[in-house]
Amino acid sequence: MGERWRAGRASARWAGGTVPAVALDAPGRAETIHAAERVLAGEWHVFGYEWRAGDDDPDWFSDPATGRRSPHKQYCFRVPYRNEGKAGNIKVVWEISRLHHVTLLATAYACTGRLAFAERAVAHLQSWWRCNPPLTGVNWVSGIELGIRLIAWVWTRRLLTAMPGIASVFEGNEAFRRQLHAHQSWIARFGSFGSSANNHLIAEAAGMLAASLAFPIFPESGTWAQDAARTLEREIARQTFADGLNRELAGGYHVFALELLLVAAVEADGAGRPLSNAFWRRLREMTDALAANVGPGLGVPRQGDDDNGRALMLEPASVSGAAVVLGTGSAIFAAASWWPDLPELGLTARWLASRAASRPASPDERSSRMPTRFAEAGIAILRTASHRPQEEIWCRFDAGPHGFLSTAAHAHADALSFELQVGEQPVLVDPGTFSYHGEPEWRDYFRSTLAHNTLELGRRDQADHAGPFLWLTAPAATVVDWADEGEMAAVEAWHDGYLRLSRPTIHRRRLCLMRSTRSLEVIDTIEGGGAVVGRLAFHLHPAIRCEMRAATAYLQWRSNGESKAMRLALPHCLTWTAHRGETNPIRGWYAPAFGRKNPTTMLLGSGTIMPGQALRTRIVVSARAAELLAA
């Protein structure tokens, strides 16, 4: 390791403060302690796989998904991390070394004072530092991983403040100082750029800012903090639409980026080095946009990729990132009158908010009613108002750009697709994201046009891809009509993804929600040079039971002990088939979380479509299942 990677003269200084005891009575405290106890017992699940965390020196390179072991002695930039046969499932390996289980242990110690939690947290940190020397092995390949680890180290130190001798573990420990300096030097030298300058760059800058302010112990610390703050100020503007949504156009990544930006902002506030008013205003706009986009029960739109990434984990994974950022935002900005009901603030939201100054918005700075149209992002939300939230109909329609930057890395071929939810029950779903680097056939399926509630033409995706994070073409969608007033909410749009066909074709779709009849009409048409083979898909949540009668699908589920139903009158001009859990070809799957997939029902209508022919689908929702089924 060259001299540039060695720390110069360093002072043993911690400037990150501690956590206020006022948060220790937060709801979910018992669940957090229980989750930490499971870690002590050796149970830690990563993307559905169990990683053995039960001793003081775990294997940081074992992949529980494939049973393989990632290279740990090679120079980091020679590690073949994209080769699953040599490195295992890299997402699983990297997730382990984000050290979320360590911050969970540290939280449990702060809540209880039980030394066993702190001792295991410290043991795992010391093991990681020992087994991952700078620039060596798979855990030094990607800057986003380094940034998230820096956040974990800052918060672990903060939560373990009361542990005897904690300074000798962190700022007074040469091994830690070496790791800290090398992490920050890596980010300063190799930070993301070009097509990778997306959420990766935000994570790197957030980690750099947090660590430089909390551990101002190197000659470069001040410069690193200033550079990180400038990067964050630039990137929040560059990566966010004016309507507040993240430009990657992936619901999970909006939450992830917002959490990273909030963590960085509260660290700067807590250090007396606040970011600009413009930065905080854009943070509030992102938080408001999320509040307007979530479905009942705070369900995040499943558009695009989602690997369940978290900036900081102080509570069990069952506490969603959306709940954390909305809770933190409500404490800092004050929730707008139209925000959804939020659970009582948990530990993470209380502790984050405690480090920031209150910044309530004035009435003229935010909308007085819930936004339903996000013009730049191409998103429309059609929803009913209901005094019974469990009966609310929520529909998200996508007519936005195909991802962010030249690669559109986290985009799916899903133009003009929609999700439909009734109460907290998703019914017509986006199947989600199952994998990234491994199992390419599954990666291709889950981001294909056929895997979304939209129309495929010519047996081709709307866009051509050349790798797991690279799209060669990008369909452009245009909204031509939008109305949301009184009885009706309607949107109409078209996209040009099928101008690539031998007979160039345009797909046009109109959605119309009638609130009094609780019905949604979907009309698909094509415009172009002639007849084309088409396939229209509707994907059901695994909890939904389906009965097909000719071209009508009857759906049923239970919610709060009551039977609910929906009828889909499908286009008669297509031949309809139902598919569930098929693998050759892949059809009928749903990813409830990254790395997990369950069989579900896919309704597929196939046939030849003529220009101008209307494919009309009428969806009726009823709270009285028997009445709808008998109709």
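Two strands pair if DSSP finds at least two bridges between them. The legends below use the word in that sense and refer to a predicted model.

**View 1. Strand β16 pairs with strand β17 in an antiparallel hairpin.** The two strands, of which β17 covers residues 552-559, are joined by 5 bridges. Across the pair, Arg-549 stands opposite Thr-552 of β17. The hairpin has 2 residues between its strands. Ala-550 takes a positive phi here, near 55°.

**View 2. An open sheet is built from 8 strands.** Their order is β11-β12-β13-β14-β25-β18-β17-β16, and the pairing is antiparallel. The edges are held by β11 (477-485) and β16 (545-549); each has a single partner strand, so one side of each is left without a neighbour in the sheet. On average, neighbouring strands of this sheet are turned by 15° against each other, direction ignored.

**View 3. Strands β12 and β13 run antiparallel within the sheet.** β12 spans residues 488-495 and β13 spans residues 505-514, with 8 bridges joining them. Met-488 has Met-514 in β13 as its bridge partner.

**View 4. Strand β14 (residues 519-528) is mostly covered.** Of its 10 residues, 7 are buried. β14 is joined to β13 by 10 bridges, and these two strands run antiparallel. One of the facing pairs consists of Arg-509 and its bridge partner in β14, Asp-524. β13 and β14 form a hairpin with 4 residues between them. In that turn, Arg-518 has a positive phi of about 50°. β14 also pairs with β25 (residues 615-622), in the antiparallel sense and over 6 bridges. Asp-524 appears in this pairing too, where it stands opposite Leu-615 in β25.

**View 5. Gln-421 is a buried residue of strand β6 (residues 418-422).** Its relative accessibility is 6%, and the cut-off for buried is under 20%, so Gln-421 falls in that class. A polar atom of the Gln-421 side chain lies 2.8 Å from the backbone oxygen of Pro-296. The backbone oxygen of Gly-423 is 2.9 Å from a polar atom of the same side chain. With neighbours within four places in sequence left aside, Gln-421 is in contact with Gly-295, Pro-296, Glu-392, Ile-393, Trp-394, Pro-426 and Val-427.

**View 6. Val-422 also belongs to strand β6.** At 3% relative accessibility, Val-422 counts as buried. Residues up to four places away in sequence aside, Val-422 touches Gln-390, Glu-391, Glu-392, Val-427, Arg-518, Trp-557, Met-566 and Val-621. Among these, Arg-518 is in the turn between β13 and β14. The C-alpha atoms of Val-422 and Ser-622 are separated by 9.8 Å, although the two residues are 200 residues apart along the chain.

**View 7. Helices α9 and α10 pack at an angle of about 145°.** α9 covers residues 199-214 and α10 covers residues 221-238; their axes are 8 Å apart. The crossing of α9 past α10 is left-handed. On the α9 side, the contact is made by Leu-201, Ile-202, Ala-205, Ala-206, Met-208, Leu-209, Ser-212 and Leu-213. α10 contributes Ser-221, Trp-224, Ala-225, Ala-228, Ala-229, Thr-231, Leu-232, Arg-234 and Glu-235. The residues of this contact divide into 12 nonpolar, 3 polar and 2 charged.

**View 8. Asn-139 sits in the loop between α5 (115-131) and α6 (143-159).** Its relative accessibility is 0%, and Asn-139 therefore counts as buried. Beyond its neighbours within four places in sequence, Asn-139 is in contact with Trp-60, Phe-61, Val-93, Trp-94, Ser-97, Trp-128, Asn-132, Leu-146 and Arg-149.

**View 9. Pro-80 lies in the loop between β2 (49-52) and α2 (84-87).** At 26% relative accessibility, Pro-80 counts as partly exposed. Pro-80 touches Pro-71, Gln-74, Lys-86 and Ala-87, not counting residues up to four places away in sequence. The C-alpha atoms of Pro-80 and Ser-70 are separated by 9.1 Å, and the two residues are 10 residues apart along the chain.

Note on methods. Residues are numbered from 1 along each chain as its sequence is written. This is a predicted model: local features need pLDDT of at least 70, side-chain atom pairs count only at pLDDT 80 or more; totals for chains, interfaces and linings use all residues. Side-chain values use heavy atoms; hydrogens and water are left out. Axes are lines fitted to C-alpha atoms, for helices over the stretch in contact, and angles run from 0 to 180 degrees between N-to-C directions. Buried means under 20% relative accessible area, exposed over 50%, partly exposed in between (1.4 Å probe, protein chains only). A polar contact is a pair of N or O atoms within 3.5 Å; within protein, one must be able to donate a hydrogen and the other to accept it, and residues adjacent in sequence count only if both atoms are side-chain atoms. Contact means heavy atoms within 4.5 Å. A crossing is left-handed if the near helix is turned anticlockwise from the far one by less than a right angle, and right-handed if clockwise. Ala, Val, Leu, Ile, Met, Phe, Trp, Tyr, Cys and Pro count as nonpolar, Asp, Glu, Lys and Arg as charged, and the others, Gly among them, as polar.
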